[in-house]
Amino acid sequence: MEVASNVATQRHLQPATVSVVSGKQLQESGGRTLSEALSMLVPGYFMVGDQDDAIAGFRGLASDNNAKILLLLNGRNLNIEWFWGAPDVLLNSLDMGAIKHVEVIRGPGSVKYGQGALLGVINIVTRQSPTGNSDLQTSIELAAGLDAYTGIAAEQIARQDTFTSYVYASRRSYDGQELRPEGVGLREFRGNPDVIIADRNHLFRSENQLVIANAQSEATGFGIDLLFADQTRDLFEFDTDRNVYGERLLNLSLSHLMDITSRTTLKTRLGYARDDFTLASVDGITTGGTREDRYDVSLTFNIDDWLTPGNRLAFGYDARYFESGKRNYKGANYLVTSLTPENLAQLPDANQQFTCVYPDTTLSHGLFIEDFYELNDQVTLFAAARLTEHPHWGSNISPRLGGLYRQSDNLNWRLSYSTGFRGPVGLHYSGGHRRDGFLEEKNFDRIEAAMVELDDGTLAQNLDEVEPEEMQSLELEVDYQFNPQWRGNLVVFYNRIRHVIDLSAFFNPDCNLPDIGTDVPGDWCGYWFYKNNPGSIDMNGLEATLNWYHNDYFMTLSHSLVNLVSAEDFEGSLYVTGNKHIQTFPPNVSRLQVGFPILENVLSATATWRYDYHWYARSGDRNDGNHVLNLALNWQISPNWQLRLVGKNLLDSDNPQPMTTYPNQPKDDEGTPSLESPTAWLTIKGTLF
């Protein structure tokens with residue numbers, strides 16, 4: 001495990017709070033997507049709805065999009081620069097079949113990864129070597145379920161001497177359930193007063209193709225990772241004709257590990273990604289798209305027993321180069337909000353009339369250093385720092401300090417201070433979303449000159465430049481092994497968030513807004529933009545976990561609590577309601593996963609339960625949460641064949657789930673009916689040879 005540190009690989013030495021969830025747990029959790037499965041299993045994590053995203057929330061914080069979290073595949077950074085952050089094609093993927101386990105940092109991780117690792121980090125680790133003693137293993141999986149869920153997958157794992165390889169390919173589809181006319185489902189579909197959102201969208205409707213391949217030579221130290229992921233899914237909470245989202249991601253990574261001396265190693269990584277985005281209506285009309293290409297390089301030196309015995313050092317350099325605003329594989333770099341007759345007539349010239357992202361290049365790079373010093377058998381001190389340079393928002397220094405105390409073989413303590421940050425997305429500087437009303441930063445100082453009249457008759461004022469959002473986090477963790485069967489873990493944290501990057505907008509109901517510099521008003525009669533909220537947010541909380549294992553029985557019980565301590569100068573934002581509550585994130589969540597045999601070595605069951613208690617909407621209104629109970633039955637048909645039946649939401653809970661909303665939205669449609677009605681699917685997997 002290296003998700004939180006360039007030095008420490010053992011789990012009990014990680015300088016941050018890390019949850020590890022196995023692929024088996026994910027597939028038995030009843031989650032339809034990866035993010036939903038993590039919501040069922042990881043304390044402090046919760047999937048929150050958004051009108052054009054599904055947000056990964058951490059410890060009470062759910063941003064407008066996923067730009068403030070970081071997603072890795074086998075340790076490789078896959079984040080997007082121009083708008084989104086973590087790739088939706090993986091975070092909200094319908095396919096979890098290739099996953100060995102997922103490592104989740106709850107809290108900031110910018111000291112290792114730089115910008116984007118503000119709220120948390122998710123590292124997807126795929127299977128990479130054979131199981132058992134077999135040199136070659138080939139498996140096939142077939143899946144089917146209610147509402148036309150189907151899936152087929154094949155994988156091959158091989159080893160020859162010191163060379164290992166893994167290949168996985170799959171195709172899955174799901175028609176989804178009809179969206180209930182509740183919460184946001186009741187909102188009027190934009191431009192059509194006779195249609196509501198529930199009439200146009202389906203819950204979790206998706207088509208997914210996935211290819212993952214990797215190979216590693218232990219003798220030479222070389223490795224290669226290939227990913228091709230292509231998914232199209234309904235943005236089922238959106239109220240416009242760009243409510244079908246597609247992402248096609250091709251990623252290639254090369255790595256090399258070299259022993260320079262007996263105590264010094266150099267790890268080198270090179271990567272390339274082509275990320276195509278497509279938007280369409282549910283009728284199949286392409287309403288937008290764009291493309292971003294990414295190149296990355298990193299060099300990490302590790303030195304053991306540096307200067308003194310027990311001192312381990314890592315330092316290095318990494319860089320990411322982005323090319324945004326390119327045409328996707330369909331030739332599109334435009335964005336059309338609604339399919340009015342006027343807009344349809346201009347679609348042949350859409351790349352010029354409705355430009356999605358103006359072409360731009362960005363180079364972001366950083367230097368990092370990390371040191372672990374073992375004072376004795378019980379005490380280890382650690383420190384790390386990272387300097388990140390960005391051409392638009394400048395420099396950022398991310399430090400981390402702390403210590404580990406091994407009180408006994410069964411009792412471990414950790415105290416740490418760490419930071420995270422995220423600058424504005426690339427679109428904020430490059431511009432685009434033309435005629436959708438997006439206002440880029442270079443035009444912030446031209447607002448007053450344009451004499452922009454607002455809906456209340458006043459004139460809009462110039463805006464300030466946007467600074468990176470920052471989090472400071474203090475954590476205390478205690479881990480205790482009561483006996484071979486029982487283990488407990490408690491994390492207490494205190495977070496301070498400054499310069500919160502939020503969305504805002506201004507509009508004129510008469511639709512007579514002028515152009516502002518190079519930007520034009522949206523067809524909804526306004527402009528939207530990024531800004532920093534004043535003041536700071538202080539939050540604290542805890543995450544308690546109790547694990548029990550005995551033969552084929554297991555239990556994981558957890559509870560997470562997050563509390564708003566203060567929100568100085570805040571009057572409502574994406575994080576905090578106007579009446580000072582944590583917004584669109586359940587402050588209390590209990591989780592339980594229990595596994596037990598029914599017939600020894602033949603039939604077993606896993607039950608996964610989550611209770612969300614309550615949550616607060618942007619309006620400040622309190623909403624009831626849900627009891628969610630999922631059940632998986634596993635039948636070992638033969639040594640090589642297994643059958644799994646998964647039932648979801650067996651208690652038929654149907655309260656609206658948390659959902660972020662744009663400024664000035666009505667409060668009578670709060671929440672999203674994103675919890676599926678009781679449903680089930682069946683999977684059979686077998687080893688062919």
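The lining of the largest cavity draws at least two residues from each of helix H2, strand E2 (45-50), strand E3 (53-58), strand E16 (222-234) and strand E36 (627-638). Helices (H or I, at least four residues) and strands (E, at least two) are DSSP runs, numbered from the N terminus. The structure described here is a predicted model, in which local features need pLDDT of at least 70 and side-chain atom pairs count only at pLDDT 80 or more, while totals for chains, interfaces and linings use all residues. Residues are numbered from 1 along each chain as its sequence is written, and side-chain values use heavy atoms, with hydrogens and water left out.

A cavity, on a 1 Å grid over the protein atoms alone, is a set of points where a 1.4 Å probe fits but cannot get out, and lining residues have an atom within 4 Å of a point. Grid points are joined across faces, edges and corners, and a volume is the space filled by probe spheres set on the points. By this approach, 10 cavities of 30 Å³ or more are found in the structure, and the largest has a volume of about 310 Å³. Its lining comprises 33 residues, with Glu36, Met47, Phe204, Phe236 and Ser674 the closest to the centre. Strand E2 makes the greatest contribution to this lining, with 5 residues. What classes of residue make up the lining of the largest cavity? There are 12 nonpolar, 12 polar and 9 charged residues. In this scheme Ala, Val, Leu, Ile, Met, Phe, Trp, Tyr, Cys and Pro count as nonpolar, Asp, Glu, Lys and Arg as charged, and the others, Gly among them, as polar.

Helix H2 (residues 34-41) deserves a second look. This helix is mostly covered, as 8 of its 8 residues are buried; buried means under 20% relative accessible area, exposed over 50%, and partly exposed in between (1.4 Å probe, protein chains only). Among the buried residues of H2 are Leu34, Glu36 and Met40, and Glu36 is also one of the residues closest to the centre of the largest cavity.

The second largest cavity has a volume of about 190 Å³. Of the 15 residues that line the second largest cavity, Gln27, Leu94, Met96, Tyr149 and Trp681 lie nearest its centre. Helix H1 (23-28), strand E37 (641-648) and strand E38 (679-687) are the elements giving two or more residues to this lining. The lining of the second largest cavity has 6 nonpolar, 4 polar and 5 charged residues.

Strand E16, met above in the lining of the largest cavity, also has partners of its own. Two strands pair if DSSP finds at least two bridges between them. Strands of a sheet pair through backbone hydrogen bonds, either parallel or antiparallel. Strand E15 (residues 206-217) and E16 run antiparallel and are joined by 11 bridges, with Ala213 opposite Leu226 in E16. The hairpin of E15 and E16 has 4 residues between the strands, and there Gly221 takes a positive phi near 85 degrees. E16 also pairs with strand E17 (residues 244-259) in the antiparallel sense, over 13 bridges, and here Ala229 stands opposite Leu249 in E17.

Elsewhere, an open sheet of 5 strands follows the order E1-E6-E7-E4-E5, with mixed pairing. Strand E1 (18-22) and strand E5 (76-77) stand at the edges with a single partner strand each, so one side of each is left without a neighbour in the sheet. Within this sheet, strand E6 (residues 99-106) and strand E7 (residues 120-126) pair in the antiparallel sense over 7 bridges, and Val104 has Ile122 in E7 as its bridge partner.

How many disulfides does a search of the whole structure find? The search finds 1 disulfide, a term used for a pair of cysteine sulfur atoms within 2.5 Å. The disulfide is formed by Cys511 and Cys525, with their sulfur atoms 1.5 Å apart. Both cysteines lie in the loop between strand E28 (501-507) and strand E29 (526-532), so the pair ties together parts that are 14 residues apart in sequence. Cys511 is partly exposed, with a relative accessible area of 47%, whereas Cys525 is buried at 14%.

Pro514 lies in the loop between E28 and E29 as well, and is partly exposed, with a relative accessible area of 25%. Leaving aside neighbours within four places in sequence, Pro514 is in contact (heavy atoms within 4.5 Å) with Ala450, Met451, Val452, Pro521 and Tyr527.

Methods:
On a 1 Å grid over the protein atoms alone, a cavity is a set of points where a 1.4 Å probe fits but cannot get out, and a pocket is an open set with protein on both sides within 12 Å along at least five of seven lines; lining residues have an atom within 4 Å of a point.
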